[in-house]
Amino acid sequence: MNSLSQLGRQLLGIWKQLGLNQRISVVLAAVVALAALFSLVFWSSRVDYALLYGKVDDSEAAKVLAYLDESKIPHKLGQSGGAIYVARDKVHYARMQLASRGIPRGDGVGFEIFDKPNFGISDFVQRANYLRAIQGELSRTISQLDEVEAARVMIVMPENRLLVDSAKKPTASVFIRTKGHTVLAPSGVNSIRFLVANAVEGLQANQVTVVDNRGNVLSENGENDSLVGLTATQLAARRNTEQYLSKKAEGMLEAVLGPGQAVVRVSAEINLDSLSRTEEKFDPDGQVARSTTLNDEQTDTTSSGPGGSPGITSNLGFDTNTTASVNTTKTKKKVTNNQYEINKTVSTMNQVPGGVKRLAAAVFVASRFEGTGTSRKALPRTPEELEKLRHIVQSALGIQVSGESRKDEITLEEMPFTDQFADVAQDLSKTEKKQFWWAQAQNVAYIGLALGVLFIFWRMLKKTSSEQMPASAGSDDFMISSASQAYGNAPSRHGGRQPMNNPGVVTVETLNQLVRDNPANVTQAIQTWLGRNSAN
């Protein structure tokens, strides 16, 4: 206890011996040290959270939180409420424990509905469960896309009847919720449609409708046998062709004239007729023997009988030595049957839509100028230069100006472009530059201010050891002489006596040296000085 009180007195004595700047430095250093120690303790005791599950449904999130509260695992919810964080060293343990309980199930019900054996259920319930499983699995798969936050899939299957109606086909509807204000690209919509169509038996991609959370129908009607589908396809094909040709011609002109010096617009007439033609031609002169049949028949017939006039003798058949008659017949028949095939030519031609029937291009070229301000004037291009530009566009677009198959048209005009939008863009660019440099100047000013404060603080610390205490008239002379005498009689730490550098003043360094070397004389001098001041 005595040692602590002695230490306190020593610290109090040292504190009294310090100057104002030294006291400020000690206080600031103590405050900084305490703040650093407090920050270290705070961050070391803070729980390090890691993501357990993200985008969890509210009902499933409630089950997860109930388990975490029951297991006393530190956790917190994300700002959106769909993310759950737990202590980093408890992430894998919590996931395994929740998986053993079947939590969370995710969006919808997947094929885990068949994990439990269900005996005695009807075929209708079995088919309904299978349809629910497909919908749940598709919803989970679509939700894995980067632009999609959540998805729901509804599938309509025709009833399983004995007599199948070919007119009834399966259909599907997909509802998606995109992240933020992003819009799903057409390629993403087509991927969703083909994903759903290939997962359901008999489902076509054009029978899948995709709708977002803003009520926009993202899928187009692609039925080839519907008027709406044909119109949308035709417009899309024409628009893509015109945009491709316009960019192609503009790219070539900008390479010659410079960026923004030419505008090209193309109007294309597309042949969207689909033709299938089959022709059969017969050539009577080009006969080809198909088959030849030859029948050769030969017949020999011989007959004999008694001669004479008919009577009793001839009828009884007695030989009366009369002469008999003999008849011989020969027949020969030859039949040739030739079959010929007439030469026939069959040709089939299928013409797909998409051919270009006619092109019309409108080209505007910016005029050239020389000079600035009021002396600025236009320099028109020569007809030869304009003709060269026309040939460039004509070759880039493949325009046929003359011909019997199609008659294309190209119009090229030179005219001055307006500079209003360019001036606005330039003003915006200047404003952005000013804001940028102003922000940079503010940052530099803050850094300079901090450096200035540090420099002033450093100067104050540097001046602490040489801060002078001026001696006033009267009683202060006695203090100076007493201190000088005490200092002069006191040996220095280096073994000798050092004279005072400035006999007119007493510095803090001198007083500290006097207190350390000869405290008795300094105490006596201070008491004498205080006594004289009180007497006065």
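I began with the pair α5 and α6, whose axes lie 11 Å apart and which pack at an angle of about 155°. Because angles over 145 degrees count as roughly antiparallel, I noted α5 as roughly antiparallel to α6. I then looked up the handedness of the crossing of α5 and α6 and found it right-handed. I should keep in mind throughout that this is a predicted model.

Next I asked which residues make the contact between α5 and α6. From α5 I listed L138, T141 and I142, and from α6 I listed I192, L195, V196 and A199. Sorting the residues of this contact by character, I wrote down 6 nonpolar and 1 polar, with no charged residue.

I turned to α5 by itself, which runs over residues 123-142 and so has 20 residues by its record of helix limits. From its first C-alpha to its last, α5 reaches 29 Å, which I entered as close to the 28 Å expected at 1.5 Å a residue.

For burial in α5, I entered N129, A133, I134, Q135, G136, L138, S139 and I142 as buried. I then asked what the buried residues of α5 pack against, and found the strands β4 (148-156) and β5 (171-178) together with the helix α6 (186-199). L138 and I142 therefore appear in my notes both as buried under the 20% cut-off and as part of the contact with α6.

Last, I looked at the protein as a whole, which has 13 helices and 15 strands. Of its 536 residues, 21% count as buried. Among the contacts with a separation of 6 or more, I noted that residues 24 or more positions apart account for 66%.

Methods:
Residues numbered from 1 in each chain as written. Predicted model: local features only at pLDDT ≥ 70, side-chain atom pairs only at ≥ 80, totals over all residues. Heavy atoms only, no water. Helix = DSSP H or I, 4+ residues; strand = E, 2+ residues; numbered from the N terminus. Expected span 1.5 Å × (residues − 1). Buried < 20%, exposed > 50% of the residue type's maximum accessible area, 1.4 Å probe, protein only. Contact = heavy atoms within 4.5 Å. Axes fitted to C-alpha atoms, helices over the stretch in contact; angles between N-to-C directions. Parallel < 35°, antiparallel > 145°, perpendicular 65-115°, else oblique. Left-handed = near helix turned anticlockwise from the far one by under 90°. Nonpolar A, V, L, I, M, F, W, Y, C, P; charged D, E, K, R; others polar.
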